[in-house]
Amino acid sequence: MKAKLKTGEIIELANLGKVNMAKESTLSDFIKFASEKYDADKYTLVLWDHGGGIPIGFGKDENFDNAGMTEAQIGMALKEADVEFETIVMDACYMCTLEVAMAVKDHAKYMVAAESYTVGTGLDYSGWLNYMGENPEAVGFEYGEILVTEYMDSVTGSRNLASMST
């Protein structure tokens, strides 16, 4: 479904039917659509789902036999989309690896990801997104630092071991 949010209501623009969210073409088509429809000086891409790093990869689409994407497939989707990101955020477990960084390096200035299990519901988006909105000139490292700090503060004192890097 293509939709927009207006005054708190979701308005359906088009029904795309079942779409495999773990296909390279789905990711590249989404990025192209978003960048063409919503021009911006800087783009940030957030990939949120299950992660397993190498060799498990990213994402699990339950509608398509739990299909996922490898880091190479993510890199190919980014290349096909041809959009330079300020930051790519991986809100998924174990995605901060050399292999993932190599796959995204030509498409983003910064990457934020966890070297470990991502605790609970994942990242808190309010702090760093508010910072981005209030500081449009900010670079990815600045709001990436806020994102990492808030995440690590949220797990401090818990029994969970966690890590996150920009």
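The following dialogue examines how the descriptive terms applied to this predicted model rest on computed values.

Visitor: What makes a feature of this predicted model eligible for description?

Guide: Local features need pLDDT of at least 70 and side-chain atom pairs count only at pLDDT 80 or more, while totals for chains, interfaces and linings use all residues. Residues are numbered from 1 along each chain as its sequence is written, and side-chain values use heavy atoms, with hydrogens and water left out.

Visitor: How many helices and strands does the chain have, and how are they assigned?

Guide: The chain has six helices and eight strands. They are DSSP runs numbered from the N terminus, helices being H or I with at least four residues and strands being E with at least two. Along the sequence the order reads β-β-α-β-β-α-β-β-α-β-α-β-α-α.

Visitor: Why does the radius of gyration of the chain agree with that of a compact globule?

Guide: The radius is taken over C-alpha atoms, and the globule rule is 2.2 Å times the number of residues to the power 0.38. For 166 residues a compact globule would have a value near 15 Å, and the chain has 16 Å, which agrees. Along the principal axes, the C-alpha atoms fill a box of roughly 45 × 40 × 30 Å.

Visitor: What share of the contacts joins residues 24 or more positions apart?

Guide: A contact means heavy atoms within 4.5 Å. Of the contacts in the chain with a separation of 6 or more, 60% are between residues 24 or more positions apart.

Visitor: How many aromatic pairs are found, and what makes two rings a pair?

Guide: A search of the whole structure finds three aromatic pairs. Rings of Phe, Tyr and Trp (its six-membered ring) pair if their centres lie within 6.5 Å; planes under 30 degrees apart count as stacked, over 60 as edge-to-face and the rest as tilted.

Visitor: Why is the pair of Tyr110 and Phe141 called tilted?

Guide: The centres of the two rings are 6.4 Å apart and their planes stand at 45°, so the pair is tilted. Tyr110 belongs to strand E8 (residues 108–112) and Phe141 to helix H6 (residues 140–155), so the pair ties together parts that are 31 residues apart in sequence.

Visitor: Are Tyr110 and Phe141 buried or exposed?

Guide: Buried means under 20% relative accessible area, exposed over 50%, and partly exposed in between (1.4 Å probe, protein chains only). Tyr110, at 26%, is therefore partly exposed, and Phe141, at 43%, is partly exposed as well.

Visitor: Why is the pair of Tyr125 and Trp128 described as tilted?

Guide: The ring centres of Tyr125 and Trp128 are 5.7 Å apart with the planes at 40°, so this pair is tilted. Ring pairs also link Tyr125, Trp128 and Tyr143 into a cluster.

Visitor: How do you know whether Tyr125 and Trp128 are buried or exposed?

Guide: Tyr125 has 24% relative accessibility and therefore counts as partly exposed. Trp128, with a relative accessible area of 0%, is buried. Of the 166 residues of the chain, 38% count as buried.

Visitor: Why is Ala108 called buried, and which residues does Ala108 touch?

Guide: The relative accessible area of Ala108 is 14%, so this residue is buried. Ala108 lies in strand E8 and touches Phe85, Glu86, Thr87 and Ile88, not counting residues up to four places away in sequence.

Visitor: Why does Gly122 count as buried, and where is Gly122 found?

Guide: Gly122 has 15% relative accessibility and therefore counts as buried. Gly122 is found in the loop between E8 and helix H5 (126–134). Gly122 touches Asp91 and Tyr151, residues up to four places away in sequence not being counted.

Visitor: What is noted about the backbone at Asp82, and why is Asp82 called exposed?

Guide: Phi of Asp82 is near 60°, a positive value in a residue other than glycine. Asp82 is found in the loop between helix H3 (71–81) and strand E7 (85–91). With 67% relative accessibility, Asp82 therefore counts as exposed.

Visitor: Where is Tyr94, and what is its phi value?

Guide: Tyr94 is in the loop between E7 and helix H4 (98–104). Phi of Tyr94 is near 55°, a positive value in a residue other than glycine. At 39% relative accessibility, Tyr94 counts as partly exposed.

Visitor: Which form does the peptide bond from Ile54 to Pro55 take, cis or trans?

Guide: The bond is cis, with omega near 5°, and Pro55 is found in helix H2 (residues 53–56).
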